[in-house]
Amino acid sequence: MTFHLRFWLNGQEVRTEVEPDETLLWVLRERLNMTGTKVGCEAGDCGACTVLLDGRPVTSCLLLAPKAHGRHVVTIEGLGSPAKLHPLQQAFITYGALQCGFCGPGMLLSAAALLTQNPHPTEREVREAIAGNLCRCTGYQKIVQAILAVSRGEVP
Amino acid sequence: MTVITRPAPPPVVEEAAEGAVGKRKSRHDALLQVTGQALYGVDMKAPGMLWAKAVRSPYPHARIVRIDPTRALSIPGVACVITARDIPHNRYGFTHQDQRVLADDRVRYVGEAVAVVAAETLRVATEAAKEVVVEYEPLPAVFDPIEAMQPGAPQVHEGGNIAARLHIRDGDVERGFSEAEIIVEEEFRTPFVEHCHLEPHAALAIPGPQGTLTIYSSVQRPFLVASDVAKVLSMPLSHVRVVATSVGGGFGGKNEMTLEPWVGLLALRTGRPVKMVFTREEEFQATTVRHPYRMRYRTGVRRDGTLVARSVEIISDCGAYVSWGASTLAKACIHAAGPYVIPHVKIEGFLVYTNNPVGGAMRGFGVPQVGFAYECHTDSVAAAVGMDPITFRLRNGLRDGCRLPTGQVLERVTLHQTLQRALELAGWERGAVP
Ligand code: FES
Ligand code: FES
């Protein structure tokens, strides 16, 4: 039995056939070849697979793809492009908020969701917003600095 | 001040250094990373690609009686199953050639791979891996390196459980202890640590013309992997090309060959690209870890706070295979006396096989373990002579021209400046006890 999945991905309508037990992560990476969304644990622990579902961050490894039916999904490819970076993407570069970069896509989307909801968060609120995104390389400090810099309008 | 003379670097290096030092520079690949365009091992794909899945041992120690892939091979979509028999040269390792690409006569730790399946989809490969029948005869296992050193302990390999033994001697430690007024003795233990790089091990092998092979892998040492793959698959080195993808964290955990010969051989056998990604469970269970150490420190000191003798015994739990264990232990032994002037030193290191996960390279390579021990121990020795730990360190710390127990003479030592600066920044008051 296949499911005819229709949803909006980074503003574009997408139709694809999926198995009903496939995760959104699998559909994005393997069926749609959108590998910007990363995979670290497939258990909801690491946050590397974070995407925005109707503006809210979700771990796409835990979301069955049919659950995204009719909804809006934003992945890292939709946040900004090399030609037109989102301020958070620019800030992550400027502040050196990445080492291996593998946590980056998920981290950036969690941060983007926070700043949309709460444009001037405290440091504590920033730390809470990225609590579900593990970074094994950086120690978080520069990530928090980068997000706060954007919230203060200090990044072009 | 000692000046090291060396040939003048070419001007271009000079220029680059001038432009870079003291300036903020962004990573060369930062733009690709933040936009999700960087390609990691898990992101690699090729048309017509198969997925591979390993069959792993549920036993810490067992004899393999029989492996029967018939049922797995009968599943629609399964393309190939490989076992130890398919590996032309089933031995590798840096210092000890003890590791198997796939287990042959025995498995020696939980999670050791005995077979690998390639199938049209990951789903089929995962199902088929469960259908490979492996008959085991469980053997007594040993999980504690001290027990493993005792006579009569289960033997992880032929030839005894002590895989390597290292020692460093400087001066006459017995005389040193006889000159000491106070002797402090302590034991320290450190645990297993998994690297837990966010990206799991992942590779894609693509067969090329005339039996050549290209392997894209999330790996820290592509050239080492290429030569090991060529060796175990008995191929000319010129036929194996290993390309390192962006690496989603390594920390030493991707410092050696793991899944590359499996996907490589499966690609050669099937004539199709083969991809493999470890699950997080496999990362914890079946990939290398930081070696747990037991360290016994014994230090002789005079009442005025002068160090006179130190003996250190390090027992490293190697796990089932040596991997980087011997070189890690060597580095630990070199550092074990700590950054202090001690005239009489004896250091002994034992690398001991157990049926635990294989210890490998991890950040610091043996030094974090001994660093933890000798600095805790330094505090205890300082307390035993009634000195505050900073005064004690400043008094005994290494300086320019000091000789290490290995014979190395040091230049440009900044220990005292570093300590002083740390004191200033921390607002440490002389005499305070931590
Ligand atoms: S892959 Fe989804 S949380 Fe780790
Ligand atoms: S930069 Fe490597 S996990 Fe965050």
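## Exercises on the A–B interface and the pockets

**Exercise 1.** In this predicted model, find which side chains meet in a salt bridge at 2.8 Å, N to O, and then describe the interface of chain A and chain B.

*Solution.* Begin with the side chains of R29(A) and D43(B), which form a salt bridge at 2.8 Å from N to O; this separation satisfies the rule, because a salt bridge needs a side-chain nitrogen of Lys or Arg within 4 Å of a carboxyl oxygen of Asp or Glu. Next, count across the interface of chain A and chain B, where the rule finds 4 salt bridges, together with 15 residue pairs in polar contact, both residues at pLDDT 80 or more. Then sort by class the residues of chain A on the side that touches chain B, which gives 18 nonpolar, 10 polar and 8 charged. Finally, turn to area: about 2600 Å² is buried between the two chains, with carbon and sulfur atoms giving 58%, and I93(A), F102(A) and R136(A) supply 24% of what chain A buries against chain B.

**Exercise 2.** Determine how much space lies in the largest pocket and which residues are closest to its centre.

*Solution.* The volume comes to about 910 Å³ for the largest pocket. Among its 31 lining residues, W26(A), E30(A), E42(A), W51(B) and L122(B) are the closest to the centre. Assigning the lining to elements then shows that α1(A) gives the most, with 5 residues, while a division by class yields 13 nonpolar, 5 polar and 13 charged residues.

Technical notes:
Residues numbered from 1 in each chain as written. Chains lettered and ligands numbered in written order. Predicted model: local features only at pLDDT ≥ 70, side-chain atom pairs only at ≥ 80, totals over all residues. Heavy atoms only, no water. Contact = heavy atoms within 4.5 Å. Buried area = accessible area lost by both parts, 1.4 Å probe. Polar contact = N/O pair within 3.5 Å; in protein donor to acceptor, adjacent residues only side chain to side chain. Nonpolar A, V, L, I, M, F, W, Y, C, P; charged D, E, K, R; others polar. 1 Å grid on protein atoms, 1.4 Å probe; cavity = no way out; pocket = protein on both sides within 12 Å on 5 of 7 lines; lining within 4 Å. Points joined across faces, edges and corners; volume = space filled by probe spheres on them. Helix = DSSP H or I, 4+ residues; strand = E, 2+ residues; numbered from the N terminus.
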